[in-house]
Amino acid sequence: MSNDRDTAAPQRLVLMNPGPVITDDRVRSALAGPDMCHREPEFSALLTRVRDKVTRVAGGDERHTSVVLTGSGTSAVEAAIGSAVPDGGGLLVLDNGHYGERFAHIAAAYGIRAHRLEHGWATPLDLAAVERALVADPALTHVGVVHQETSSGMLNDVAAVTRIAHAHGREVIVDAVSSIGAERVSLAGDGVDWLAGSANKCLEGAPGLAFVSAAKAAFEGLGTTPKRGYYLDLHRHYLAQEKAVAPAFTPGIPAYYAFDAALDLALAEGWEARHERYTALARRLRAGLEELGLEILLPPEQRAAGLTAVRIPEGIGYAELHRGLRAQGFVIYSAQERLARDFFRLSTMGRMTQADVDRFLEVLAGLLPSQN
């Protein structure tokens with residue numbers, strides 16, 4: 001016997017967490033592609049298409065390529081650190097949030113010497129301090145920097161960091177997991193040496209794939225360095241994908257189908273237009289939050305387009321806020337660690353609409369003690 005629950009249309013769930021994001025119908029449909037063996041020519045063609053499109057999205061040219069991994073964005077960051085920093089080398093970690101700290105934690109796990117330049121969470125990078133640290137320690141061969149620090153929504157100046165690093169003969173590893181696709185970052189244009197990204201978030205694919213983009217010569221050069229890992233060894237993946245045109249290990253094939261479709265949409269829209277789309281949503285969201293008397297963590301000039309950190313209102317806890325919004329079809333995200341007590345986070349990534357933002361603000365207003 002049916003009831004209302006059986007026959008009611010499913011409510012639209014608006015993901016305001018910073019990834020995974022609401023995807024385009026064409027991306028979701030692509031997940032249902034045919035069963036495929038990853039050692040057959042059909043997958044080789046799919047792998048080649050995805051690698052080429054990823055490299056273009058990352059601002060690469062004929063000198064560059066990409067390696068695609070089955071894993072989250074963290075797998076790409078770890079692969080880049082563990083593979084690129086040589087024995088005897090060191091990593092200057094630019095830390096102004098949780099994901100800057102992650103560079104240091106990964107380096108420690110691999111036994112890589114790291115100097116952690118702590119700025120404080122939600123604090124802009126001190127570029128003069130970066131230069132001083134490189135001058136003081138010539139054995140620091142690489143600089144690790146997060147483009148969009150998702151713990152706060154801060155956008156770091158990757159291009160400026162890269163210029164300083166290159167002036168001192170160092171390479172840069174960029175965590176672009178939460179930025180690529182909607183913020184300006186470019187292998188060729190900025191000279192980024194190693195760029196780690198994810199299929200979801202601003203590229204609006206399905207979760208499950210990550211990638212590292214770099215110069216072909218840089219990937220080739222990894223063949224002369226000792227291996228620290230196995231599954232996340234970038235040279236192993238590069239040889240398999242570039243030379244054999246096959247994955248090194250069994251990949252998440254449905255995620256490849258979805259990523260192929262998402263990359264087509266990203267390239268057709270362009271990062272500038274996607275940035276403006278996200279920014280328009282963020283402006284609408286932030287204006288509404290301020291009208292409700294809520295405090296936004298960062299000043300406007302420091303904010304990324306895709307994320308807003310907001311102080312938890314007086315008189316209501318995060319758990320109650322999350323529960324009330326979830327009941328109305330909105331998923332929000334708590335802040336992390338030292339910001340968790342006072343802030344929560346709202347994404348404007350993915351296929352969100354102005355109507356979604358307006359309805360969110362209406363529902364949020366109904367939950368605030370000050371509005372009732």
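Which residue follows α12, and what is the sign of its phi? Helix α12 is followed by G329, whose phi is positive, near 95 degrees. The model is a predicted one, in which local features need pLDDT of at least 70, side-chain atom pairs count only at pLDDT 80 or more, and totals for chains, interfaces and linings use all residues. Residues are numbered from 1 along each chain as its sequence is written, and side-chain values use heavy atoms, with hydrogens and water left out.

Helix α12 spans residues 318-327, and its buried residues (under 20% relative accessible area, 1.4 Å probe, protein chains only) are L321, G324 and L325. These residues cover an arc of only 95 degrees around the axis (taken from the directions from the helix axis to the C-beta atoms), which puts them on the same side of α12. On the other side of α12, R323 and A327 are exposed, that is, over 50%. The buried residues of α12 pack against β12 (330-331), β14 (343-347) and α13 (354-367), with contact meaning heavy atoms within 4.5 Å.

A second helix packing involves α3 (residues 41-57) and α11 (residues 253-291), which meet at an angle of about 40 degrees with their axes 10 Å apart. Helix α3 is therefore oblique to α11, since angles under 35 degrees count as roughly parallel, over 145 as roughly antiparallel, 65 to 115 as roughly perpendicular and the rest as oblique. Residues in the contact include F43, L46 and L47 of α3 and I253, Y256 and Y257 of α11.

How values were computed. Helix = DSSP H or I, 4+ residues; strand = E, 2+ residues; numbered from the N terminus. Axes fitted to C-alpha atoms, helices over the stretch in contact; angles between N-to-C directions.
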